[in-house]
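Biologist: I have a new model open and would like to go through it with you. Could you take me round it?

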Amino acid sequence: MREEGYINVTGGRVWYQLFNKNATGTPVIILHGGPGSSSYSLEGLQALQEDRPVILYDQLGCGRSDRPTDTSLWQLDRFVEELAQVREGLNLDEVHLLGHSWGTTLSAAYCLTKPSGVKSVIFSSPCLSAPRWEQDQLDNLKKLPIEIQETIKRCEENGTTDSEEFKAAIQEFNKVFVCRIQEEPDPEWVKKGSGYRNPEIYNIMWGPSEFSVKGNLKSFDCTAQLNEITCPTLFTCGRYDEATPESTEYFSNLVPNGKFHVYENSAHMAYFEEKEEFLRVVGNFLNSIDLD
């Protein structure tokens, strides 16, 4: 049972899907990565609807949501406001939040506004400190062949991150640290999902690549405030994740009720690479909160 539609938010309308509206468990809202990606690759998480309503939405500017041209909209605070407007639009008094990658940045920033009714948060492959993320990617890069390292460094210095040479080098990085399941040249759904992206948002908020944060998230770091997130939290990542196990475990130790889990055969896309295990770990965590 699926409902879809649009919700008015600051700057336009966002498109959402709501699965199993009448389920008895507390609803979970899925916050996709990016910035400027979409909920498309996370649609497999609708399987959580067996126990609860599941909400996926495309953040403004990407996916099937409106794409306004006002670049002043691409700020963390407005995305936080948007999440509150999605909750209000769907009358969600109590929720679980599941953020992935940039979605964890958004869910942490939202939780730090002290909203009511957030029963738990899942930080999947978290980015809770832009400087730390940047350093982790530079460290990850050192694990690749020297020619890949040099190509990425040279293209960044020369401002040629849109070159075929750079794209080929990034593809090698992605095979190790983003998705370790390789279908040639890409899984079909990855190809389709790329059409839902809005690279302009990523550029404005993050920058030209993973390895140097030059956008307006450059100084984002909420680690000093994580102890204010007092609801139960689950931090997960892949063993080979861009969001390294070391950083993810560090974040989990900064919250009062943090749990930590590593998907041993995954990089950054455990929800695809180890789908059944991801659903099991997340489902068990959510059910344990609802039963308390």
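Modeller: What follows is a talk about the sheet, a helix, the empty spaces and two backbone details of this predicted model.

Biologist: Start with the sheet. How many strands form it, and in what order?

Modeller: The open sheet is formed by 8 strands, in the order 1-2-4-3-5-6-7-8. The pairing is mixed.

Biologist: Which strands stand at the edges?

Modeller: Strand 1 (2–9) and strand 8 do. Each has a single partner strand, so one side of each has no neighbour in the sheet.

Biologist: By how many degrees are neighbouring strands turned against each other?

Modeller: On average by 20°, with direction ignored.

Biologist: Back to strand 1. In what sense does it pair with strand 2?

Modeller: Antiparallel, over 8 bridges, with strand 2 covering residues 12–19. One of the pairs is I7 with V14, which is its bridge partner in strand 2.

Biologist: What do strand 1 and strand 2 form, and how many residues are between them?

Modeller: They form a hairpin with 2 residues between them. In the turn, G11 has a positive phi of about 100°.

Biologist: And the other edge? In what sense does strand 8 pair with strand 7?

Modeller: In the parallel sense, over 6 bridges; strand 7 is residues 233–238 and strand 8 is residues 258–263. The chain goes from strand 7 through helix 8 to strand 8, and this β-α-β crossover is right-handed. As for single residues, G238 has Y263 in strand 8 as its bridge partner.

Biologist: What about strand 3 and strand 5, parallel or antiparallel?

Modeller: Parallel, over 4 bridges, between residues 28–31 and residues 95–100. There, I30 has L98 in strand 5 as its bridge partner.

Biologist: Which strands does helix 10 lie across?

Modeller: Helix 10, residues 275–291, lies across strand 3, strand 5, strand 6 (118–124), strand 7 and strand 8. The helix runs at about 160° to strand 6.

Biologist: New topic: holes. How many cavities of 30 Å³ or more does the structure hold?

Modeller: The structure holds 1. About 40 Å³ of space lies in this largest cavity.

Biologist: Which residues line the largest cavity?

Modeller: P126, C127, S129, R132, W133, D136, E242, A243, T244, S247 and F251. The elements giving two or more residues to this lining are helix 3 (130–141) and helix 8 (245–252). Helix 3 provides the largest share, 3 residues.

Biologist: How does that lining divide into nonpolar, polar and charged?

Modeller: Into 5 nonpolar, 3 polar and 3 charged residues.

Biologist: Now the second largest pocket. How much space lies in it?

Modeller: About 210 Å³. Among the lining residues are L138, K142, I146, E150, K153 and F211.

Biologist: Which elements give two or more residues to the lining of that pocket?

Modeller: Helix 3 and helix 4 (146–158). The largest share of the lining, 7 residues, comes from helix 4.

Biologist: And by class, what does that lining have?

Modeller: The second largest pocket has 5 nonpolar, 1 polar and 5 charged residues in its lining.

Biologist: Last topic, the backbone. Which peptide bond is cis?

Modeller: The bond from G34 to P35 is cis, with omega near -5°. P35 sits in the loop between strand 3 and strand 4 (54–57).

Biologist: Which residue has a positive phi although it is not a glycine?

Modeller: N91 does, with a phi of about 55°. N91 is placed in the loop between helix 1 (76–89) and strand 5.

Biologist: Why mention those two details at all?

Modeller: Because most residues other than glycine have a negative phi, and most peptide bonds are trans.

Notes: Residues are numbered from 1 along each chain as its sequence is written. This is a predicted model: local features need pLDDT of at least 70, side-chain atom pairs count only at pLDDT 80 or more; totals for chains, interfaces and linings use all residues. Side-chain values use heavy atoms; hydrogens and water are left out. On a 1 Å grid over the protein atoms alone, a cavity is a set of points where a 1.4 Å probe fits but cannot get out, and a pocket is an open set with protein on both sides within 12 Å along at least five of seven lines; lining residues have an atom within 4 Å of a point. Grid points are joined across faces, edges and corners, and a volume is the space filled by probe spheres set on the points. Ala, Val, Leu, Ile, Met, Phe, Trp, Tyr, Cys and Pro count as nonpolar, Asp, Glu, Lys and Arg as charged, and the others, Gly among them, as polar. Two strands pair if DSSP finds at least two bridges between them. A crossover is right-handed if, with the strands pointing away from the viewer, the path from the first strand over the helix to the second runs clockwise. Axes are lines fitted to C-alpha atoms, for helices over the stretch in contact, and angles run from 0 to 180 degrees between N-to-C directions. Contact means heavy atoms within 4.5 Å.
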